[in-house]
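Biologist: I am new to this structure. Please show me how to read its features, one at a time.

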Amino acid sequence: VTAFNSGGESSAACSNLVFNNPCAANLTLSSKSISLVNGSPYTGQGLKAGDFLTFKIIISNSGSATAYDVYIVDTLTFTLSYQAGSARLNGSAISETVAGQTMTWNAARNLGDLAPGAGNWILTYEARLVSASSQAIDFFDNTPVIHYEDPSGTDKTYTPPFPLTPFRTGQGRVPIIREIAP
């Protein structure tokens, strides 16, 4: 099946009948990172309890069909406290549902539809670091999960393969061991 546009060029149509061009959305999370600490760019500096971290999640659709009714779920580790009302999608405020350490943007499944090649969605949100490890390097082991509906109406879930976000919490310390005489 080939479709012709007004200029006479042809391109493969999105159809379940077209070989090598199935009609499917392919949402991916290309990165999750800390972009700001206390409003300033994150450059790898050590983090401490009380710091406000801005997380940045980048989502794209490299498929051949639109992903419908997209929503995102992220569960924070116990060391972070989500700051209600801080979420933004491409700079615009979005609503959330918070249950314990789990945030859902948007539980009503109306973040929108993400068409293929439409560019990235950038989700940002803020969390406060409530406690820091004494390790030099620590990890946030939360992974955002993307939910959507494909063109056939089937619910799909995408869980990225990289769950750990490394960050510095300060200087690692070698323990001091003192011998105590009996």
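Modeller: We will go through aromatic pairs, a charged neighbour, a sheet and two loop residues.

Modeller: This is a predicted model, where local features need pLDDT of at least 70, side-chain atom pairs count only at pLDDT 80 or more, and totals for chains, interfaces and linings use all residues. Residues are numbered from 1 along each chain as its sequence is written, and side-chain values use heavy atoms, with hydrogens and water left out.

Biologist: How many aromatic pairs are there by the rule?

Modeller: Start with the rule. Rings of Phe, Tyr and Trp (its six-membered ring) pair if their centres lie within 6.5 Å; planes under 30 degrees apart are stacked, over 60 edge-to-face, and the rest tilted. The count here is 4 aromatic pairs. Take F55 and Y125: their ring centres are 5.3 Å apart and their planes meet at 20°, so this pair is stacked.

Biologist: Which parts of the chain does that pair link?

Modeller: Distant ones: F55 is in strand β5 (residues 52–61) and Y125 in strand β12, 70 residues apart. Strands are DSSP runs (E, at least two residues), numbered from the N terminus. A second pair is Y82 with Y125, which is tilted, at 5.8 Å centre to centre and 55° between the planes. Y82 is in strand β7 (residues 80–82), 43 residues from Y125 along the chain.

Biologist: Are F55 and Y125 buried or exposed?

Modeller: Relative accessible area decides: buried is under 20%, exposed over 50%, partly exposed in between (1.4 Å probe, protein chains only). Both F55 and Y125 are buried. Y82 is buried as well. One aromatic cluster takes in F55, Y82, W105 and Y125.

Biologist: What sits over the ring of F55?

Modeller: A charge sits over a ring if NZ of Lys or CZ of Arg is within 6 Å of the ring centre and within 35 degrees of the ring normal. Over F55 it is the charged end of K32, 5.1 Å from the ring centre. K32 belongs to strand β3 (residues 27–37). Its relative accessibility is 10%, so K32 counts as buried.

Biologist: Which side chain makes a polar contact with the side chain of K32?

Modeller: A polar contact is a pair of N or O atoms within 3.5 Å; within protein, one must be able to donate a hydrogen and the other to accept it, and residues adjacent in sequence count only if both atoms are side-chain atoms. For K32 the partner is the side chain of D74, at 3.3 Å.

Biologist: In what order do the strands of the open sheet run?

Modeller: Two strands pair if DSSP finds at least two bridges between them. Here 5 strands run β10-β11-β6-β14-β15, with antiparallel pairing. The edge strands, β10 (97–99) and β15 (155–158), each pair on one side only. β10 and β11 share 3 bridges. T97 has T104 in β11 as its bridge partner.

Biologist: Where is L114, and what does it contact?

Modeller: L114 lies in the loop between β11 (102–105) and β12 (121–129). Its relative accessible area is 2%, so L114 is buried. Contact means heavy atoms within 4.5 Å. Beyond neighbours within four places in sequence, the contacts of L114 include L27, I59, S60, V70 and W121. The C-alpha atoms of L114 and S60 are 7.7 Å apart, with their positions 54 residues apart along the chain.

Biologist: Is F78 buried or exposed?

Modeller: F78 has a relative accessible area of 70%, so F78 is exposed. F78 is in the loop between β6 (68–75) and β7. Leaving aside neighbours within four places in sequence, F78 contacts Q101 and V130.

Notes
Helix = DSSP H or I, 4+ residues; strand = E, 2+ residues; numbered from the N terminus.
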